[in-house]
Amino acid sequence: MSSAYLLDEHESVTIFREYLQIPSVQPNVDYSECIKFLERQAQRLGLPLKVFYMAPEKPVVIITWVGQNSELSSLLLTSHMDVVPVYPEKWTYDPFSAHKDESGNIYARGAQDMKCVGIQYLETIRKYITEKLKLKRTIHICFTPDEEIGSKFGMAKFVTTSEFAELNVGFALDEGIATPTEVFDVYYCERTSWYIIITCTGQTGHGSIIHENTAGEKLQYIINKFMNWREHEKTKLQNSDLELGDVTTINLTMIKGGCQINVVPTELSVTFDIRLAIDVDIKKMKKTVEEWCRNAGPGVHVQFKDNPICVRPTKVDNTNPWWIAFKNECDKMDMKINTCIFPAGTDSKFIRNVGIPALGFSPMNQTKTLLHDHNEFLNEKTFIRGLDIYYNIIKGLASV
(Lines give C-alpha, C1' and ligand atoms only; values in the text may rest on other atoms or scores of the structure.)
Protein backbone atom coordinates (compact mmCIF):
# COMPACT_ATOMS: atom_id res chain seq x y z
CA MET A 1 0.00 0.00 0.00
CA SER A 2 1.38 3.42 -0.93
CA SER A 3 2.41 5.90 1.77
CA ALA A 4 0.29 8.55 0.01
CA TYR A 5 -2.76 6.34 0.54
CA LEU A 6 -2.05 6.17 4.27
CA LEU A 7 -1.43 9.92 4.48
CA ASP A 8 -4.89 10.52 3.05
CA GLU A 9 -6.52 8.43 5.77
CA HIS A 10 -9.35 10.00 7.75
CA GLU A 11 -8.18 10.81 11.28
CA SER A 12 -11.04 8.84 12.85
CA VAL A 13 -10.10 5.79 10.77
CA THR A 14 -6.54 5.96 12.06
CA ILE A 15 -7.81 5.99 15.64
CA PHE A 16 -10.17 3.11 14.87
CA ARG A 17 -7.29 1.02 13.50
CA GLU A 18 -5.17 1.80 16.55
CA TYR A 19 -7.96 0.49 18.81
CA LEU A 20 -8.29 -2.65 16.67
CA GLN A 21 -4.59 -3.38 17.13
CA ILE A 22 -5.11 -3.91 20.87
CA PRO A 23 -5.61 -7.69 21.26
CA SER A 24 -8.37 -7.59 23.88
CA VAL A 25 -9.27 -11.15 22.97
CA GLN A 26 -11.06 -13.64 25.18
CA PRO A 27 -10.35 -15.54 27.35
CA ASN A 28 -8.48 -13.81 30.20
CA VAL A 29 -8.36 -10.36 28.65
CA ASP A 30 -5.78 -7.83 29.80
CA TYR A 31 -7.70 -4.54 29.52
CA SER A 32 -4.77 -2.31 30.55
CA GLU A 33 -3.91 -1.29 26.98
CA CYS A 34 -7.56 -0.48 26.28
CA ILE A 35 -7.63 1.79 29.33
CA LYS A 36 -4.43 3.57 28.24
CA PHE A 37 -5.88 4.05 24.76
CA LEU A 38 -9.17 5.43 26.12
CA GLU A 39 -7.31 7.75 28.50
CA ARG A 40 -5.53 9.24 25.48
CA GLN A 41 -8.86 9.71 23.69
CA ALA A 42 -10.42 11.39 26.73
CA GLN A 43 -7.45 13.76 26.97
CA ARG A 44 -7.79 14.50 23.26
CA LEU A 45 -11.44 15.43 23.82
CA GLY A 46 -10.69 17.30 27.05
CA LEU A 47 -13.22 15.14 28.92
CA PRO A 48 -13.04 13.39 32.29
CA LEU A 49 -12.61 9.62 32.42
CA LYS A 50 -13.47 7.31 35.29
CA VAL A 51 -12.71 3.62 35.71
CA PHE A 52 -14.87 1.40 37.91
CA TYR A 53 -13.77 -2.16 38.66
CA MET A 54 -16.56 -4.73 38.85
CA ALA A 55 -13.95 -7.29 39.93
CA PRO A 56 -10.14 -7.33 39.79
CA GLU A 57 -9.04 -6.61 36.21
CA LYS A 58 -12.65 -6.08 35.06
CA PRO A 59 -12.85 -2.33 34.33
CA VAL A 60 -15.84 -0.29 33.17
CA VAL A 61 -14.63 2.95 31.58
CA ILE A 62 -16.86 6.04 31.50
CA ILE A 63 -16.06 9.23 29.55
CA THR A 64 -18.53 12.05 30.22
CA TRP A 65 -19.59 15.14 28.31
CA VAL A 66 -21.79 17.24 30.58
CA GLY A 67 -24.93 18.74 29.05
CA GLN A 68 -26.54 22.11 29.64
CA ASN A 69 -29.24 20.69 31.91
CA SER A 70 -27.71 18.23 34.38
CA GLU A 71 -31.12 17.59 35.95
CA LEU A 72 -32.30 15.76 32.83
CA SER A 73 -31.61 12.06 32.58
CA SER A 74 -28.48 11.24 30.59
CA LEU A 75 -27.76 9.39 27.36
CA LEU A 76 -25.57 6.27 27.61
CA LEU A 77 -23.55 5.22 24.56
CA THR A 78 -22.19 1.78 25.39
CA SER A 79 -19.81 -0.65 23.71
CA HIS A 80 -17.63 -3.52 24.87
CA MET A 81 -13.86 -3.74 24.74
CA ASP A 82 -13.45 -7.51 24.47
CA VAL A 83 -13.49 -9.55 21.28
CA VAL A 84 -13.92 -13.25 20.59
CA PRO A 85 -11.02 -15.65 19.89
CA VAL A 86 -9.49 -16.07 16.45
CA TYR A 87 -8.02 -18.85 14.33
CA PRO A 88 -5.08 -16.90 12.84
CA GLU A 89 -4.40 -19.52 10.17
CA LYS A 90 -7.89 -18.86 8.75
CA TRP A 91 -7.23 -15.14 8.29
CA THR A 92 -5.74 -13.52 5.19
CA TYR A 93 -4.06 -10.88 7.38
CA ASP A 94 -3.01 -10.80 11.03
CA PRO A 95 -6.34 -10.35 12.89
CA PHE A 96 -4.80 -7.69 15.15
CA SER A 97 -2.91 -5.75 12.48
CA ALA A 98 -5.97 -3.75 11.29
CA HIS A 99 -4.67 -4.20 7.75
CA LYS A 100 -6.38 -1.97 5.20
CA ASP A 101 -6.46 -3.20 1.61
CA GLU A 102 -6.70 -1.15 -1.60
CA SER A 103 -10.51 -1.22 -1.38
CA GLY A 104 -10.45 0.34 2.07
CA ASN A 105 -11.51 -2.84 3.86
CA ILE A 106 -10.06 -2.90 7.38
CA TYR A 107 -9.44 -6.46 8.56
CA ALA A 108 -9.38 -7.10 12.29
CA ARG A 109 -11.16 -8.96 15.04
CA GLY A 110 -13.60 -6.42 16.46
CA ALA A 111 -13.94 -4.43 13.22
CA GLN A 112 -17.70 -5.09 13.25
CA ASP A 113 -18.17 -6.42 16.79
CA MET A 114 -17.87 -3.75 18.05
CA LYS A 115 -14.83 -1.52 18.33
CA CYS A 116 -16.11 0.49 15.36
CA VAL A 117 -19.09 1.73 17.39
CA GLY A 118 -17.01 2.76 20.41
CA ILE A 119 -14.76 4.93 18.24
CA GLN A 120 -17.72 6.36 16.32
CA TYR A 121 -19.25 7.48 19.63
CA LEU A 122 -16.01 9.22 20.66
CA GLU A 123 -15.44 10.85 17.29
CA THR A 124 -19.03 12.10 17.14
CA ILE A 125 -18.62 13.82 20.50
CA ARG A 126 -15.28 15.25 19.32
CA LYS A 127 -17.04 16.83 16.35
CA TYR A 128 -19.68 18.41 18.61
CA ILE A 129 -16.95 19.84 20.81
CA THR A 130 -14.98 21.12 17.82
CA GLU A 131 -18.11 22.82 16.48
CA LYS A 132 -18.81 24.23 19.97
CA LEU A 133 -22.25 22.64 20.03
CA LYS A 134 -24.18 22.62 23.29
CA LEU A 135 -26.64 19.79 23.95
CA LYS A 136 -29.23 19.58 26.71
CA ARG A 137 -28.46 16.16 28.08
CA THR A 138 -25.26 14.76 29.54
CA ILE A 139 -23.72 11.99 27.45
CA HIS A 140 -21.77 9.11 28.98
CA ILE A 141 -19.61 6.99 26.68
CA CYS A 142 -19.22 3.57 28.28
CA PHE A 143 -16.71 0.80 27.54
CA THR A 144 -17.39 -2.52 29.26
CA PRO A 145 -15.46 -5.77 29.77
CA ASP A 146 -16.42 -9.38 29.13
CA GLU A 147 -19.56 -8.91 27.04
CA GLU A 148 -18.48 -11.85 24.91
CA ILE A 149 -18.57 -14.20 27.91
CA GLY A 150 -21.84 -13.05 29.48
CA SER A 151 -20.88 -9.75 31.20
CA LYS A 152 -20.97 -11.24 34.73
CA PHE A 153 -18.34 -8.70 35.78
CA GLY A 154 -19.28 -6.19 33.13
CA MET A 155 -22.62 -4.54 32.43
CA ALA A 156 -24.55 -7.20 34.38
CA LYS A 157 -22.78 -6.09 37.55
CA PHE A 158 -22.42 -2.41 36.66
CA VAL A 159 -26.17 -1.74 36.40
CA THR A 160 -26.55 -2.84 40.05
CA THR A 161 -24.01 -0.34 41.41
CA SER A 162 -24.41 3.11 42.91
CA GLU A 163 -21.91 4.37 40.32
CA PHE A 164 -24.31 3.40 37.55
CA ALA A 165 -27.28 4.94 39.40
CA GLU A 166 -25.38 8.22 39.66
CA LEU A 167 -25.13 8.36 35.86
CA ASN A 168 -28.92 8.96 35.84
CA VAL A 169 -29.35 7.18 32.51
CA GLY A 170 -32.60 7.78 30.65
CA PHE A 171 -31.80 5.97 27.42
CA ALA A 172 -29.00 3.83 25.97
CA LEU A 173 -27.58 2.95 22.57
CA ASP A 174 -25.77 -0.37 22.16
CA GLU A 175 -24.58 -2.58 19.32
CA GLY A 176 -26.43 -3.96 16.34
CA ILE A 177 -25.34 -6.16 13.43
CA ALA A 178 -24.10 -5.40 9.91
CA THR A 179 -26.67 -5.95 7.16
CA PRO A 180 -25.87 -6.95 3.55
CA THR A 181 -28.79 -4.88 2.20
CA GLU A 182 -29.48 -1.12 2.22
CA VAL A 183 -31.73 -1.58 5.28
CA PHE A 184 -30.40 -0.87 8.79
CA ASP A 185 -31.62 -3.21 11.55
CA VAL A 186 -32.61 -1.58 14.84
CA TYR A 187 -33.03 -3.93 17.82
CA TYR A 188 -35.56 -3.23 20.54
CA CYS A 189 -35.34 -6.50 22.45
CA GLU A 190 -33.54 -9.83 22.50
CA ARG A 191 -34.42 -13.41 23.13
CA THR A 192 -33.93 -15.15 26.47
CA SER A 193 -30.72 -17.19 26.65
CA TRP A 194 -31.49 -20.53 28.31
CA TYR A 195 -28.82 -23.17 28.84
CA ILE A 196 -29.82 -26.68 29.87
CA ILE A 197 -27.76 -29.73 30.88
CA ILE A 198 -29.59 -33.05 31.12
CA THR A 199 -27.84 -36.04 32.72
CA CYS A 200 -29.06 -39.58 32.11
CA THR A 201 -27.93 -42.46 34.32
CA GLY A 202 -28.62 -46.16 33.83
CA GLN A 203 -27.46 -49.74 33.79
CA THR A 204 -23.82 -50.32 32.92
CA GLY A 205 -22.21 -53.52 31.70
CA HIS A 206 -20.51 -55.25 28.78
CA GLY A 207 -21.09 -53.79 25.36
CA SER A 208 -22.11 -57.18 23.92
CA ILE A 209 -25.31 -57.40 26.01
CA ILE A 210 -28.70 -55.71 25.44
CA HIS A 211 -29.14 -54.13 28.86
CA GLU A 212 -32.37 -52.58 30.08
CA ASN A 213 -32.68 -49.06 31.46
CA THR A 214 -29.50 -47.69 29.84
CA ALA A 215 -28.36 -44.10 29.86
CA GLY A 216 -28.18 -44.18 26.06
CA GLU A 217 -31.87 -45.04 25.65
CA LYS A 218 -32.87 -42.20 27.95
CA LEU A 219 -30.51 -39.81 26.19
CA GLN A 220 -32.09 -40.71 22.85
CA TYR A 221 -35.55 -39.94 24.21
CA ILE A 222 -34.39 -36.54 25.48
CA ILE A 223 -32.55 -35.62 22.28
CA ASN A 224 -35.56 -36.58 20.17
CA LYS A 225 -37.82 -34.26 22.21
CA PHE A 226 -35.49 -31.29 21.74
CA MET A 227 -34.85 -32.05 18.06
CA ASN A 228 -38.61 -32.27 17.40
CA TRP A 229 -39.02 -28.88 19.07
CA ARG A 230 -36.14 -27.57 16.95
CA GLU A 231 -37.75 -28.86 13.75
CA HIS A 232 -41.05 -27.19 14.68
CA GLU A 233 -39.32 -23.81 15.10
CA LYS A 234 -37.29 -24.32 11.93
CA THR A 235 -40.47 -25.00 9.93
CA LYS A 236 -42.12 -21.94 11.45
CA LEU A 237 -39.20 -19.76 10.33
CA GLN A 238 -39.06 -21.21 6.82
CA ASN A 239 -42.79 -20.95 6.13
CA SER A 240 -43.45 -17.38 7.25
CA ASP A 241 -42.17 -13.81 7.19
CA LEU A 242 -40.70 -14.26 10.65
CA GLU A 243 -37.06 -13.34 11.30
CA LEU A 244 -34.57 -15.36 13.33
CA GLY A 245 -35.19 -13.26 16.45
CA ASP A 246 -38.92 -14.08 16.30
CA VAL A 247 -38.54 -17.82 16.86
CA THR A 248 -36.91 -20.05 19.46
CA THR A 249 -33.64 -21.68 18.47
CA ILE A 250 -32.55 -24.99 19.99
CA ASN A 251 -29.04 -26.32 19.44
CA LEU A 252 -27.35 -29.38 20.89
CA THR A 253 -23.85 -28.16 21.76
CA MET A 254 -22.23 -30.89 23.91
CA ILE A 255 -22.54 -34.61 24.66
CA LYS A 256 -20.39 -36.13 27.40
CA GLY A 257 -19.92 -39.58 28.85
CA GLY A 258 -18.52 -43.05 28.39
CA CYS A 259 -15.16 -44.52 29.34
CA GLN A 260 -14.42 -47.28 26.85
CA ILE A 261 -15.80 -48.58 23.54
CA ASN A 262 -17.01 -51.90 24.98
CA VAL A 263 -18.46 -50.59 28.24
CA VAL A 264 -22.07 -49.37 28.41
CA PRO A 265 -21.80 -46.01 30.21
CA THR A 266 -23.48 -45.50 33.54
CA GLU A 267 -23.92 -41.78 32.76
CA LEU A 268 -24.35 -39.56 29.69
CA SER A 269 -25.13 -35.86 29.54
CA VAL A 270 -26.30 -33.49 26.84
CA THR A 271 -26.18 -29.70 26.74
CA PHE A 272 -28.55 -27.44 24.80
CA ASP A 273 -28.15 -23.77 23.93
CA ILE A 274 -31.69 -22.39 23.66
CA ARG A 275 -32.72 -18.83 22.79
CA LEU A 276 -36.37 -18.41 23.71
CA ALA A 277 -38.61 -16.14 21.63
CA ILE A 278 -40.00 -13.27 23.67
CA ASP A 279 -43.54 -14.70 23.62
CA VAL A 280 -42.50 -18.00 25.24
CA ASP A 281 -43.54 -18.55 28.88
CA ILE A 282 -40.32 -19.80 30.44
CA LYS A 283 -42.08 -21.25 33.52
CA LYS A 284 -44.34 -23.39 31.33
CA MET A 285 -41.39 -24.46 29.19
CA LYS A 286 -39.42 -25.42 32.28
CA LYS A 287 -42.29 -27.69 33.40
CA THR A 288 -42.38 -29.27 29.94
CA VAL A 289 -38.66 -30.07 30.06
CA GLU A 290 -39.03 -31.53 33.55
CA GLU A 291 -41.89 -33.71 32.27
CA TRP A 292 -39.70 -34.95 29.38
CA CYS A 293 -37.07 -35.95 31.92
CA ARG A 294 -39.58 -37.89 34.02
CA ASN A 295 -40.94 -39.66 30.95
CA ALA A 296 -37.43 -40.60 29.81
CA GLY A 297 -37.16 -42.88 32.83
CA PRO A 298 -35.61 -43.00 36.30
CA GLY A 299 -32.22 -41.41 36.83
CA VAL A 300 -32.68 -38.44 34.46
CA HIS A 301 -31.88 -35.04 35.93
CA VAL A 302 -32.01 -31.54 34.45
CA GLN A 303 -29.86 -28.58 35.39
CA PHE A 304 -30.98 -25.11 34.32
CA LYS A 305 -27.79 -23.07 34.06
CA ASP A 306 -27.79 -19.56 35.55
CA ASN A 307 -30.88 -17.41 35.94
CA PRO A 308 -32.31 -16.60 32.50
CA ILE A 309 -33.19 -12.95 32.01
CA CYS A 310 -36.54 -12.45 30.32
CA VAL A 311 -35.79 -9.19 28.55
CA ARG A 312 -38.16 -6.23 28.64
CA PRO A 313 -38.77 -4.89 25.13
CA THR A 314 -38.13 -1.22 24.44
CA LYS A 315 -41.21 0.38 22.90
CA VAL A 316 -40.84 1.38 19.27
CA ASP A 317 -44.00 3.42 18.94
CA ASN A 318 -45.24 6.95 19.56
CA THR A 319 -45.41 6.40 23.34
CA ASN A 320 -41.60 6.42 23.52
CA PRO A 321 -40.03 9.87 22.95
CA TRP A 322 -36.58 8.30 22.55
CA TRP A 323 -37.82 6.13 19.70
CA ILE A 324 -39.55 9.13 18.10
CA ALA A 325 -36.27 11.07 18.17
CA PHE A 326 -34.25 8.15 16.82
CA LYS A 327 -36.67 7.46 13.97
CA ASN A 328 -37.05 11.14 13.08
CA GLU A 329 -33.31 11.46 12.55
CA CYS A 330 -33.24 8.28 10.44
CA ASP A 331 -36.15 9.60 8.34
CA LYS A 332 -34.34 12.88 7.76
CA MET A 333 -31.39 10.93 6.37
CA ASP A 334 -33.69 8.74 4.21
CA MET A 335 -32.45 5.65 6.02
CA LYS A 336 -34.47 2.48 5.61
CA ILE A 337 -34.76 0.84 9.03
CA ASN A 338 -36.18 -2.47 10.20
CA THR A 339 -37.13 -2.92 13.86
CA CYS A 340 -36.42 -6.44 15.09
CA ILE A 341 -35.42 -8.68 17.97
CA PHE A 342 -31.70 -9.34 18.44
CA PRO A 343 -31.10 -13.05 17.80
CA ALA A 344 -28.22 -13.39 20.28
CA GLY A 345 -27.29 -11.53 23.48
CA THR A 346 -25.92 -8.05 24.21
CA ASP A 347 -25.38 -5.79 27.21
CA SER A 348 -28.70 -4.10 26.34
CA LYS A 349 -30.66 -6.76 28.22
CA PHE A 350 -29.13 -5.72 31.54
CA ILE A 351 -29.91 -2.07 30.82
CA ARG A 352 -33.50 -2.77 29.77
CA ASN A 353 -34.05 -4.96 32.81
CA VAL A 354 -33.39 -2.09 35.20
CA GLY A 355 -36.13 -0.15 33.42
CA ILE A 356 -34.05 1.87 30.96
CA PRO A 357 -35.07 1.82 27.27
CA ALA A 358 -32.28 0.84 24.88
CA LEU A 359 -31.83 0.31 21.16
CA GLY A 360 -29.21 -1.82 19.46
CA PHE A 361 -27.85 -0.18 16.32
CA SER A 362 -24.63 -0.30 14.32
CA PRO A 363 -24.55 1.87 11.14
CA MET A 364 -23.22 -0.86 8.86
CA ASN A 365 -25.54 -1.53 5.92
CA GLN A 366 -24.53 -3.04 2.56
CA THR A 367 -21.89 -4.91 4.56
CA LYS A 368 -21.32 -8.65 4.78
CA THR A 369 -22.18 -9.88 8.28
CA LEU A 370 -18.89 -11.11 9.75
CA LEU A 371 -19.12 -10.81 13.53
CA HIS A 372 -17.19 -13.73 15.13
CA ASP A 373 -16.19 -14.91 11.62
CA HIS A 374 -12.79 -15.30 9.97
CA ASN A 375 -11.53 -12.23 8.06
CA GLU A 376 -13.89 -9.87 9.87
CA PHE A 377 -13.65 -6.48 8.20
CA LEU A 378 -15.34 -3.10 7.84
CA ASN A 379 -14.84 -0.75 4.93
CA GLU A 380 -13.52 2.68 5.88
CA LYS A 381 -16.23 4.43 3.84
CA THR A 382 -18.90 2.58 5.81
CA PHE A 383 -17.16 3.56 9.03
CA ILE A 384 -16.98 7.23 7.98
CA ARG A 385 -20.62 7.27 6.89
CA GLY A 386 -21.45 5.85 10.32
CA LEU A 387 -19.90 8.95 11.87
CA ASP A 388 -22.33 11.15 9.95
CA ILE A 389 -25.26 8.95 10.94
CA TYR A 390 -24.36 9.02 14.64
CA TYR A 391 -23.75 12.78 14.43
CA ASN A 392 -27.46 13.32 13.70
CA ILE A 393 -28.92 10.50 15.81
CA ILE A 394 -27.00 11.25 19.01
CA LYS A 395 -27.71 14.99 18.67
CA GLY A 396 -31.40 14.21 18.26
CA LEU A 397 -31.45 11.89 21.27
CA ALA A 398 -29.57 14.36 23.49
CA SER A 399 -32.19 16.99 22.62
CA VAL A 400 -35.21 14.91 23.73
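Q: What does a volume of about 830 Å³ stand for in the largest pocket?
A: The largest pocket has that volume, about 830 Å³, in the sense of the space filled by probe spheres set on grid points, which are joined across faces, edges and corners. This is a predicted model, in which local features need pLDDT of at least 70 and side-chain atom pairs count only at pLDDT 80 or more, while totals for chains, interfaces and linings use all residues. Residues are numbered from 1 along each chain as its sequence is written, and side-chain values use heavy atoms, with hydrogens and water left out.

Q: What makes a residue part of the lining of the largest pocket?
A: On a 1 Å grid over the protein atoms alone, a pocket is an open set of points with protein on both sides within 12 Å along at least five of seven lines, whereas a cavity is a set where a 1.4 Å probe fits but cannot get out; a lining residue has an atom within 4 Å of a point. The largest pocket has 29 such residues, and E147, I149, G150, Y195 and K349 lie nearest its centre. β9 (192–201) gives the largest share, three residues, and both β9 and α10 (348–352) supply at least two.

Q: Why are β11 (249–257) and β14 (300–305) said to stand at the edges of the sheet?
A: The open sheet has four strands in the order β11-β13-β9-β14, paired antiparallel. β11 and β14 each have a single partner strand, so one side of each is left without a neighbour in the sheet.

Q: What makes β9 and β14 a pair?
A: Two strands pair if DSSP finds at least two bridges between them. Six bridges join β9 to β14, so the condition is met. One bridge partner in β14 is V302, which faces I198.

Q: Which residues does UniProt annotate as "active site", and how far apart are they?
A: The unreviewed UniProt entry gives D82 and E147; such annotations may be inferred rather than shown by experiment, and the positions follow the numbering used here, with feature names shortened. Although spread over 66 residues of sequence, D82 and E147 cluster in space, with a largest C-alpha distance of 6.8 Å. Of these residues, E147 is included in the lining of the largest pocket.

Q: Why are D113, E148 and H372 said to gather at one spot?
A: UniProt (unreviewed entry) lists D113, E148 and H372 under "binding site". They span 260 residues in sequence, yet no two of their C-alpha atoms are more than 10.0 Å apart, so they gather at one spot. Of these residues, D113 is included in the lining of the largest cavity.
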